[in-house]
Amino acid sequence: MSQIVFDGMSLITPDTVAAELRTAASEHRIAADNARAQLALMLQLTELRFSTGVDLEQATMRINQDLHQIRSQVSPQVWESLVPVVQDHAVSAFMMQDPFTRWSFEKPRGYSGDAQLLDFIYRHPSAQDAITAASPVGQTLYQITSASQSSAAVRERRDLLTTYVDEVGETLGGGAEVLTIAAGHLREANSSAALRNGQLARWVALDQDPLSVGSMMRDFAGTAVEPMDGSVAGLLTDTYELGQFDFVYAAGLYDYLPRKVAIRLTKKCMQMLKPKGTFLFANFAAGIPDDGFMETFMNWSLLLRSEEEMWDIINASVDRNTVDAHVYHGDNRNIVYATIRKND
Ligand SMILES: C[S@@+](CC[C@H](N)C(=O)[O-])C[C@H]1O[C@@H](n2cnc3c(N)ncnc32)[C@H](O)[C@@H]1O
């Protein structure tokens, strides 16, 4: 019997995501050869547009749309075969001038979606050196990619998380306990009034990357934030004695978790809630406009989920009679959120 490997890094490679996608049956809407020919033409046109240097933004947005369209018209298997075609093209080398795209593609921390990558999206000062070192074209490309809809959605998610934590802090006064799973650099804490005003008893922030845990230790020394070097695997095997929380959440994690692991983690998180506590998980939404660009130029594959797939995880994890559950999209529609509140 095959075993699911839970550990952090092994979960988050394009290969594991592709393997999950391969299992989804899908009809071939246009033949592979046809798609390949279309793609070659689009890339050639993009190369031409880039070489004239007339309007980088328009050219980048155009190839973004083209990739999204082709991706939506072919089976996951055909799309998988087209990804290297894009990655080996001269347009890809051009795109690498963007420090955000390059970081995503090269994965300096050895896995996809690390917290430093997110700092490019947050336009955080920690990314400034890499931006300053980029070519003028690279800097323009960064302006474009960091303004994309998916990037805007991640900033919206950060702000939404701050709001949730602040509400818990406001409601419970000084005793609120929060757990963040896959916390990264915990940028949502930077503008948290609850943290600033001492309304949190503790904010445990768990991540599998020691560099990110170190960053949180520096940034939040002397606050209620308790950075913790830990993994989903550790949570699922009851390695830590964390106690219970009023609010548990995971953002930027479920996008890498196959359904079975997502369900196991959801069950575990529900067990870690106090009465009336809330668990939230976020996931990039199926059909986002930047999916093709991310999977090719950025080599950043995610398990995109629909509202139905979010409900499926909820329904497989909890008894719906004991909770109040909601699934909704953020305002910009690129990220879908699930909240599960214990009735008692
Ligand atoms: C996309 S980042 C999200 C960071 C943060 N939540 C945010 O929204 O900015 C994903 C984070 O998940 C962490 N991570 C990935 N797999 C993990 C696992 N199995 N256990 C714990 N952390 C994990 C990574 O180290 C990384 O910091």
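Trainee: What is the order of the strands in the open sheet?

Mentor: Happy to walk you through this one, keeping in mind that the model is predicted. The open sheet holds seven strands, and their pairing is mixed. Read across, the order is β3-β2-β1-β4-β5-β7-β6.

Trainee: Which strands stand at the edges, each with a single partner strand?

Mentor: Look at the two ends of that order. A strand with a single partner has one side left without a neighbour in the sheet, so it stands at an edge. Here these are β3 (225-229) and β6 (323-329).

Trainee: How do β5 and β7 pair, parallel or antiparallel?

Mentor: Find β5 at residues 273-284 and β7 at residues 335-342. Seven bridges join the two strands, and A282 stands opposite Y337 in β7. The sense of the pairing is antiparallel.

Trainee: What angle does the direction of α11 make with that of β7?

Mentor: Good one to check on the structure! Helix α11 packs on the sheet, touching β1, β2, β4, β5, β6 and β7. Its direction makes with that of β7 an angle of about 20°.

Trainee: Why does D166 count as having no salt bridge?

Mentor: Start with its place: D166 lies in helix α11, residues 149-172, and D166 is buried. A salt bridge needs a side-chain nitrogen of Lys or Arg within 4 Å of a carboxyl oxygen of Asp or Glu. D166 has none because the nearest side chain of opposite charge, R196, is away by 6.4 Å.

Methods:
Residues numbered from 1 in each chain as written. Predicted model: local features only at pLDDT ≥ 70, side-chain atom pairs only at ≥ 80, totals over all residues. Heavy atoms only, no water. Helix = DSSP H or I, 4+ residues; strand = E, 2+ residues; numbered from the N terminus. Buried < 20%, exposed > 50% of the residue type's maximum accessible area, 1.4 Å probe, protein only. Lys, Arg positive; Asp, Glu negative; His and termini not counted. Pairing = 2+ DSSP bridges. Contact = heavy atoms within 4.5 Å. Axes fitted to C-alpha atoms, helices over the stretch in contact; angles between N-to-C directions.
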